[in-house]
Amino acid sequence: LDNVVYRMGIAPSRPAARQLVSHRHITVNGEVVNIPSYSLKPGDIVGVRHKSQSLQVIENALASNSSVYEWITWNPEKLEGTFVALPQRIQIPENIKEQLIVELYSK
């Protein structure tokens, strides 16, 4: 959940997204969720809690958001987005060398 909050542009960083979730500012399908590791299913709607929509950190993050991902949609009027599907490896922008991770854990 915290990664999707970050990718939607609700938070400026992953730690900030984790804190927003932990402090009960984020909803999933209309229910408040405070577990950053909550697993989303395709079709889940992630939004900003109505009481939290005026938080300065959220407003600043949304104002500077320019990210667009195929696996999430964002509705700026409602301050909510839909988790469309699990991302494929080619849809993840970070430069991760999986082989190095495998080699580290195989020791």
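1. A residue counts as buried under 20% relative accessible area, as exposed over 50%, and as partly exposed in between. On that scale Arg 14, at 37% relative accessibility, is partly exposed. The model discussed here is a predicted one.

2. Fold outline. The chain contains four helices and five strands. Their order along the sequence is α-α-β-β-β-α-β-β-α, with a helix at either end of the pattern. Measured out along the principal axes, the C-alpha atoms occupy a box of roughly 50 × 25 × 25 Å.

3. Burial and contacts. The chain has 107 residues, and 31% of them count as buried. Of the contacts between residues at least 6 apart in sequence, 51% join residues at least 24 apart. The accessible surface is about 7000 Å², and carbon and sulfur atoms account for 54% of that surface.

4. Charge. There are 11 positive and 10 negative side chains. The centres of these two sets are 6 Å apart. Side chains of opposite charge can pair when their charged atoms come close. The structure holds four salt bridges, and points 5 to 7 take up examples.

5. Helix 1 to helix 2. Arg 18 is paired with Asp 2 in a salt bridge, with 3.2 Å between the closest N and O atoms. The pair links distant parts of the chain: Asp 2 belongs to helix 1 (residues 2-8) and Arg 18 to helix 2 (residues 14-22), a separation of 16 residues. The partners fall into separate accessibility classes. Asp 2 has a relative accessibility of 18%, so it counts as buried. Arg 18 has 44%, so it counts as partly exposed.

6. Helix 2 to the loop before helix 4. Glu 94 and Arg 14 form a salt bridge through their side chains, at 3.6 Å from N to O. This pair also links distant parts of the chain, with the two positions 80 residues apart: Arg 14 is in helix 2, while Glu 94 is in the loop between strand 5 (80-83) and helix 4. Glu 94 is partly exposed at 30% relative accessible area, and Arg 14 is partly exposed at 37%. A network of salt bridges links Arg 7, Arg 14 and Glu 94.

7. Arg 89 and Glu 98. These residues form a salt bridge in which the closest N and O atoms are 2.4 Å apart. Arg 89 has a relative accessible area of 35%, which means that it is partly exposed. Glu 98, with 39%, is partly exposed as well.

8. Nonpolar surface patch. Ile 96, Ile 101, Leu 104 and Tyr 105 make up a nonpolar patch on the surface. Together these residues have about 440 Å² of accessible area. One of them, Tyr 105, lies in helix 4 (residues 98-105). The relative accessible area of Tyr 105 is 67%, over the 50% cut-off, so Tyr 105 is exposed.

9. His 23. This residue sits in the loop between helix 2 and strand 1 (26-28). At 47% relative accessibility His 23 is under the 50% cut-off for exposed residues and therefore counts as partly exposed. From His 23 to Pro 87 the separation is 64 residues in sequence and 26 Å in space, taken C-alpha to C-alpha.

Terms used
Residues numbered from 1 in each chain as written. Predicted model: local features only at pLDDT ≥ 70, side-chain atom pairs only at ≥ 80, totals over all residues. Heavy atoms only, no water. Buried < 20%, exposed > 50% of the residue type's maximum accessible area, 1.4 Å probe, protein only. Contact = heavy atoms within 4.5 Å. Areas by Shrake-Rupley, 256 points an atom, 1.4 Å probe, with all protein chains shown as cover. Lys, Arg positive; Asp, Glu negative; His and termini not counted. Charge placed at Lys NZ, Arg CZ, Asp CG, Glu CD. Patch = residues over 30% accessible without salt bridge, like charges linked within 9 Å, V, L, I, M, F, W, Y side chains within 5 Å.
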